[in-house]
Amino acid sequence: MDETEKEEIWASGNAGFKLSNFSAKPDEYPTCPLADGHSGYGVKLVTRKTGPIAQAVNKRLAAGNLFLGSFDPTNALKDALRATRFGIRFDKKPLNFSGWYKYKPGEAFQNQDGSIVEGKQDIGTIYAIFYRNTDEQGQPITLYDDNVQTSPFIVGKAIVTNIEPTDEW
C-alpha cells in the first residue's frame, strides 16, 4: 500500500473541541502530539475546559482520547456520546495489548453541572474492544461512547484499570 492509499484510522474528539475553542493552539487541545514519548513521539491526552458554546449546552469538559474510528463534530454539541464512532474493519487475531503511559489525575472531580464532587477522584482508563461489526441480518454495527464497553456485539476486551498516578513511563 503506498502513501496515497493509506486510510486514516486514528481519531479523537478534537474536532468537537474546536467548535467551542476555535482559537485554541494545537498544544491546547485535549489530544495533541507529544515530542518526548517513551521512545520517540507519543500522544498527550488531557481533560480541558471547553469554551462558551459547549458550556451553554452543558458540555463543560473535553477529555483527551485516541481511538480507531471516526468523530462526527456536527453531532458533538447535540449528542456527544453518539459523535464518537468506534471501530474499523479488522480481520486479524490480536496477540497482545501493550503500551507506555504516564498518568496524573485531575485536581478536582467535577460532575456534569461543573460542581466539584468531594471525595471522588478522576480515573484513567485504557482499553481495546473487539466486536462484530454486523448484526444477525448483516446490518452494520457501530459502537458509541455509551455502549463501547457493554455492547452485546463485543467479542473481546483488554482493559487496564486501577491506573496509578506516575510521572515515569
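Which side chains along strand β6 (residues 67-71) point to one face and are buried, and which point to the other and are not? F67, G69 and F71 take the buried face. L68 and S70 point the other way and are not buried. The model is predicted.

**Strand β6 and its partners**

Strand β6 pairs with strand β1 (residues 10-11). The sense is antiparallel, over two bridges. Here A11 stands opposite F67 of β6. β6 also runs antiparallel to β7, with three bridges joining the two. In that pairing, S70 has R85 of β7 as its bridge partner.

**A nonpolar surface patch**

L68, on the β6 face that is not buried, belongs to a nonpolar surface patch of about 630 Å². The other members are W10, V43, L45, L66, I88 and F90. I88 lies in the loop between β7 (84-86) and β8 (126-131). Its relative accessibility is 33%, so I88 counts as partly exposed. The limits for that class are 20% and 50%.

**The loop after β6**

T74 sits in the loop between β6 and α3 (80-83). T74 is exposed because its relative accessible area is 71%, and the cut-off for exposed is over 50%. The T74 side chain makes a polar contact of 2.4 Å with the side chain of D72. T74 also comes to 8.0 Å from G16, C-alpha to C-alpha. In sequence, T74 and G16 are 58 residues apart.

**Salt bridges**

How many salt bridges does the structure hold? There are four. Among them are the following pairs.

| Pair | N to O distance |
|---|---|
| D146 and R82 | 3.4 Å |
| K92 and D91 | 3.1 Å |
| E136 and R132 | 3.4 Å |

The D146 and R82 salt bridge links distant parts of the chain, 64 residues apart. D146 is in the loop between β9 (143-144) and β10 (154-160), and R82 is in helix α3. D146 has 40% relative accessibility, so D146 counts as partly exposed. R82 is partly exposed too, at a relative accessible area of 31%.

Are K92 and D91 buried or exposed? Both are exposed.

In the third pair listed, E136 meets R132 side chain to side chain. E136 is exposed, with a relative accessible area of 61%. R132 is partly exposed, at 38%.

Technical notes. Residues numbered from 1 in each chain as written. Predicted model: local features only at pLDDT ≥ 70, side-chain atom pairs only at ≥ 80, totals over all residues. Heavy atoms only, no water. Patch = residues over 30% accessible without salt bridge, like charges linked within 9 Å, V, L, I, M, F, W, Y side chains within 5 Å. Areas by Shrake-Rupley, 256 points an atom, 1.4 Å probe, with all protein chains shown as cover. Helix = DSSP H or I, 4+ residues; strand = E, 2+ residues; numbered from the N terminus. Buried < 20%, exposed > 50% of the residue type's maximum accessible area, 1.4 Å probe, protein only. Pairing = 2+ DSSP bridges. Polar contact = N/O pair within 3.5 Å; in protein donor to acceptor, adjacent residues only side chain to side chain.
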